[in-house]
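These are my notebook entries on one protein structure. I set out to look up its sheets, its cores and its charged pairs.

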Amino acid sequence: MVPHMRLPTNVFAVWIACLLAGTCALFGETKVVVDNESVRILSATQAPGEKTPLHRHARNRVVVFLDSGDLRVFDEQGRAKDEHYSAGHTIWSGPTGMHITQNTGAAPLRIVEIEIKRPAPEKPPLRKPELDPVAIDPKHNTLLFDNDSVRAFKSWREPGASEALHEHTGIGRALVLVTDLDVDAKLADGTVSRKIGHAGDVLWSDGPVTHAGTNLAAKPFEMVIVEVK
């Protein structure tokens, strides 16, 4: 059984300071990588043994774990729950109560949090089945979840291989890179642009798009794609 933890007075002082500042860093290394009208995206690293300040999450969000690891989550009464995550694990989370998390693993734990700023649309964006990447190529695109606000799926491609022409709908999308990325992206009009990134990077693109990518690297790529409706 995980023991209760008494929350020290200085933790509450940190929490109050965070609220007055309007934000509260999750981990020792936290940075905002995207902040626009649709989303705020945080990249954070929690060192082994590190505890966050007491905090809560006010928005709906998608959480992507870039590393395998273990967390102990304490609620505001000090009750603890142990959780394990694997690299690439992706979850949907609504607003939370006050809590503290501790990295109980032996290695740093990197996560990406995509906070959704907009309310869910009254009607989902129109999606053509013949251009839906999950429907036309389920071998390379695995649906993780689909709700009123977002659709998240895992996508991968072999070295030198190309995707079929497909469409991303909605107001924009986040690409969370699980591996390095080096692709040529070809739009429906024939325009080609090269996209390069490193494992852990987050790329944001506004609006719907119809395109197909070719993996230029000598290794497979893997990413989590979050389409914001």
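The entries below follow the order in which I looked things up.

**Entry 1. Status of the model.** I note at the outset that this is a predicted model.

**Entry 2. An open sheet.** I looked up a sheet of four strands, which is open and has the order S11-S16-S13-S14 with antiparallel pairing. Its edge strands are S11 (166-168) and S14 (192-197), each of which pairs on one side only. From one strand to the next, the twist averages 40°. I then examined the pairing of S11 with S16 (residues 209-215), which is antiparallel and runs over three bridges. Within that pairing, I recorded Thr210 of S16 as the bridge partner of Glu167.

**Entry 3. Leu181.** I turned to strand S13 (residues 181-187), where Leu181 is placed. Is Leu181 buried or exposed? Leu181 has a relative accessibility of 5%, so I list this residue as buried. Neighbours within four places in sequence aside, I found Leu181 in contact with Lys195, Ile196, Gly197, Leu203, Phe221 and Met223. I also looked up the separation of Leu181 and Leu216: they are 35 residues apart in sequence, and their C-alpha atoms are 8.5 Å apart in space.

**Entry 4. Nonpolar cores.** Which residues have the most contacts inside the largest nonpolar core? I found these to be Val39, Ile41, Val112, Ile114, Val176 and Val226, in a core of 19 residues. The elements that give two or more residues to this core are S2, S3, S8 (109-116), S10 (150-157), S12 (172-177), S15 (202-206) and S17 (221-228). A second, separate core has nine residues, including Leu175, Val183, Phe221 and Met223. I followed Ile114 further and, leaving aside its neighbours within four places in sequence, listed its contacts as Val39, Arg40, Ile41, Asn60, Arg61, Val62, Ala174, Val176 and Val226.

**Entry 5. The loop between S2 and S3.** I located Thr52 in the loop between strand S2 (39-46) and strand S3 (61-65). Thr52 counts as buried because its relative accessibility is 6%. Its side chain makes a polar contact of 3.4 Å with the side chain of His55.

**Entry 6. Salt bridges.** How many salt bridges does a search of the whole structure find? I recorded 16, and I looked up three pairs individually.

The pair of Arg59 and Glu115 has its closest N and O atoms 3.0 Å apart. Arg59 lies in the loop between S2 and S3 and Glu115 in strand S8, so this salt bridge ties together parts that are 56 residues apart in sequence. I list Arg59 as partly exposed, with a relative accessible area of 35%, whereas Glu115 is buried at 9%.

Glu227 and Arg127 meet through their side chains in a salt bridge of 3.1 Å, N to O. Why does this pair tie together parts that are 100 residues apart in sequence? Glu227 lies in strand S17, whereas Arg127 lies in the loop between S8 and helix H2 (133-136). Glu227 is buried, with a relative accessible area of 1%, and Arg127 is partly exposed at 24% relative accessibility. I further noted a network of salt bridges that links Arg127, Asp132, Arg151 and Glu227.

The side chains of Lys229 and Asp146 form a salt bridge of 2.6 Å, N to O. This pair links distant parts of the chain, 83 residues apart, with Lys229 in the segment after S17 and Asp146 in strand S9 (residues 141-146). Lys229 counts as buried at 18% relative accessibility, because the cut-off for buried is under 20%. Asp146 is partly exposed, with a relative accessible area of 45%.

**Entry 7. Strand S7.** I closed with strand S7 (residues 99-103), which is mostly covered, as five of its five residues are buried. Which residues point one way from S7, and which the other way? I recorded His99, Thr101 and Asn103 on one side, with Ile100 and Gln102 pointing the other way; all are buried. Strand S4 (residues 69-75) runs antiparallel to S7 and is joined to S7 by five bridges. In this pairing, I found Arg72 opposite Gln102 of S7.

Key. Residues are numbered from 1 along each chain as its sequence is written. This is a predicted model: local features need pLDDT of at least 70, side-chain atom pairs count only at pLDDT 80 or more; totals for chains, interfaces and linings use all residues. Side-chain values use heavy atoms; hydrogens and water are left out. Buried means under 20% relative accessible area, exposed over 50%, partly exposed in between (1.4 Å probe, protein chains only). A polar contact is a pair of N or O atoms within 3.5 Å; within protein, one must be able to donate a hydrogen and the other to accept it, and residues adjacent in sequence count only if both atoms are side-chain atoms. Two strands pair if DSSP finds at least two bridges between them. Axes are lines fitted to C-alpha atoms, for helices over the stretch in contact, and angles run from 0 to 180 degrees between N-to-C directions. Contact means heavy atoms within 4.5 Å. A nonpolar core is a set of buried Ala, Val, Leu, Ile, Met, Phe, Trp, Tyr and Cys residues joined through side-chain atoms within 4.5 Å. A salt bridge is a side-chain nitrogen of Lys or Arg within 4 Å of a carboxyl oxygen of Asp or Glu.
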